[in-house]
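Biologist: I have the file open. Can you walk me through the charged pairs and then the rest?

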Amino acid sequence: MAIDQVNLDIQPGEFFAMLGPSGSGKTTCLRLIAGFEKPTFGSVHIFGERSDGVPPYRRNVNTVFQDYALFPHLSVLDNVAYGLMIAGEEKSTRSKAADEMLELVSLGGFGHRKPSQLSGGQRQRVALARALINKPKVLLLDEPLGALDLKLREEMQEELKLLQRRLGLTFVFVTHDQSEALSMADRVAVFNEGRVMQVDTPESIYKYPNSTFVANFVGASNIVPAEFVSALTGKACPASLRPEFIQIGYGDGYSATVADINFMGAARRVTVDLEECRLRVLLGVDQEAPRIGDQVKVSWAPENLHLMEQNSGNR
Amino acid sequence: MRSDQPAPLSIKILAGAGLLFLHLPILLIFVYAFTTEDKTYQWPPPGYTLKWLEVTWNRPDVWEALTLSVKVASISTLIAMLLGTLCAAAVSRTRFFGREVVSLLVILPIALPGIITGISLRSAFNIADIPFSFWTIVLGHATFCVVVVYNNAVARFRRLSGSLIEASMDLGANSFQTFRHVILPNISTALLAGGMLAFALSFDEVIVTTFTAGQQATLPIWMLEELVRPRQRPVTNVVAMVVVIVTFVPILLAYYLTRDGDQVAGHSK
């Protein structure tokens, strides 16, 4: 997968997420940092040092692989101690360090097992412990939670976040799950088709997407067509309007017909048809729900209509 | 497909007959190793004796042939393990122009009839003015031994996840350390199995050896000569018995080492 014109500046101690659909270049970007891929043009600097031509084994960067890549022939303890073994540490020193590392990821006492005897979540922790033992400056995580079930994934999200804060390390996290990126990262880079579409804090990305692609990929959004926006604000560009920022009432607002209602547990998703466009609205379940076919008025605070003047047109 | 119903009697009898047909002749060889009659293979043997074991033990030509065979098999196996592993690594781990062709060319010697390999090697040695020697036999044997090791190694390499190597590099290991600590432990049983099969193949090889050996006789060649020119015939049977045992052990070991996974390829040369 090729990436083009990617210019990222990741701060020390930052939890940085690279978010994008599969094939958007986020993993390639990670592999560039790890040293598994060579840039044909441009370069990667790690803590100010240009790392062109530096092989992966001489970079102070460690990776948690998507499939964990635990060594099947080694015990859990030897897996974790691998980095120290290569560094030439004494057996007693490295066993002790590996034991501590396993404690850190709450796997104390699992050292003698083989990776094949562990569950997915446990393997993930072993991979994490193994990557942390060399005390890297940057930890790269390639969709580390992708193979876990929902419950476990949420637990691990929290744990990873805590661990990152405790160790003060720079984490670079690749994911295609927008909610994961939003909830964990300090800053998010949204990738699409080998380019970075937007880099910002999760909140800014959510509130102020700069393109229809970002607006659609990060959370659900209504893309208000340029003609309607032009009539509303005088500027001819598409705008993003988050469903939860829209109110439904019977007083002031734009006339609309209720087309569909979906109950979603924490909220109700109401689809309304305006003359100009179709909008999705998120209503709290405590709010009175309209019925399909009702004539309603929809309204929103003007500042919540986010204009995307730089929209590159990627849909 | 597997059925839980017991097989009908007729099938059982047929299967038994098939197995007998395959293995009874081998048993006959064993019986004739103990016969008292040494000119013709007379059935039933007029009497039984253990003296041929002693006679065989004291025949220097048997020992010469045996040593030569063991030497040839060992060195061909070593060469095969080295080249076969390297080739398997290249074919399964990297992409390059002509990869499929290389893969096919490596396997070809085992598909080719031994007589073709033998004749072509013989004429090649003649053209290059290489005198027949121990090393020409080794070369001939290495051609098919490489295939066996390659087949076993390539199957294992394919199962080896590529990210294991990246993980090792990521943790600070250079190529050599990665090979030593990650690749080798993961392919070792496949290599051992391939090596044992290669050894067994080389040890009882006749056709290629006939074309590539000069005056020397490996054990199978020696046996062939003995049969043509009968003198203490049961000695041949004793040697045959030893060959069966010597080749059987590594094949069995190889089977046990790889039974949960890789196929043992090139079993029948």
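Modeller: Sure. A salt bridge here is a side-chain nitrogen of Lys or Arg within 4 Å of a carboxyl oxygen of Asp or Glu. This is a predicted model: local features need pLDDT of at least 70, side-chain atom pairs count only at pLDDT 80 or more, and totals for chains, interfaces and linings use all residues. Residues are numbered from 1 along each chain as its sequence is written, chains are lettered from A and ligands numbered from 1 in the order written, and side-chain values use heavy atoms, leaving out hydrogens and water.

Biologist: Which residues are linked in a network of salt bridges?

Modeller: Arg31(A), Glu37(A) and Glu166(B). Arg31(A) pairs with Glu166(B), with their closest N and O atoms 2.7 Å apart. Across the interface of chain A and chain B, the rule finds one salt bridge.

Biologist: Which elements give two or more residues to the side of chain A that touches chain B?

Modeller: H1, strand S4 (61–64), helix H2 (76–86) and helix H4 (120–132) of chain A. Helices (H or I, at least four residues) and strands (E, at least two) are DSSP runs, numbered from the N terminus. H2(A) gives the most to that side, with four residues.

Biologist: How many residues does the contact take from each chain?

Modeller: Chain A brings 22 residues and chain B brings 18 residues. Contact means heavy atoms within 4.5 Å. The area buried between the chains is about 1,700 Å², and carbon and sulfur atoms give 60% of that. Buried area is the accessible area (1.4 Å probe) that two parts lose on being put together, summed over both.

Biologist: Back to H1(A). Why is it largely enclosed?

Modeller: Because seven of its nine residues (26–34) are buried. Buried means under 20% relative accessible area, exposed over 50%, partly exposed in between (1.4 Å probe, protein chains only). The buried residues of H1(A) include Leu30(A), Leu32(A) and Ile33(A), but also Lys26(A). Just after H1(A), Gly35(A) takes a positive phi of about 100°.

Biologist: How many salt bridges does the structure hold over all chains?

Modeller: There are 14. Take Arg153(A) and Glu180(A), whose side chains meet at 4.0 Å, N to O. Arg153(A) is in helix H5 (150–167) and Glu180(A) is in helix H6 (178–184) of chain A, so the pair ties together parts 27 residues apart in sequence.

Biologist: Are those two buried or exposed?

Modeller: Arg153(A) is buried, at 18% relative accessible area. Glu180(A) is buried too, at 4%.

Biologist: What about Glu203(A) and Lys207(A)?

Modeller: Their side chains form a salt bridge at 3.3 Å, N to O. Both sit in helix H7 (202–207) of chain A, four residues apart, about one turn of the helix. Glu203(A) is exposed at 55%, while Lys207(A) is partly exposed at 36%.

Biologist: Anything in chain B?

Modeller: Arg99(B) pairs with Glu100(B), with the closest N and O atoms 3.6 Å apart. Arg99(B) is buried at 17%, and Glu100(B) is exposed at 56%.

Biologist: New topic. How many residues has the largest nonpolar core?

Modeller: It has 57 residues. A nonpolar core is a set of buried Ala, Val, Leu, Ile, Met, Phe, Trp, Tyr and Cys residues joined through side-chain atoms within 4.5 Å. Those with the most contacts inside the largest core include Met18(A), Phe71(A), Tyr150(B) and Phe157(B). Apart from it lies another core of 45 residues, with Leu163(A) and Val188(A) among them.

Biologist: What does Phe157(B) touch?

Modeller: Leaving out residues up to four places away in sequence, its contacts include Thr85(B), Ala88(B), Arg93(B), Ile183(B) and Ile187(B).
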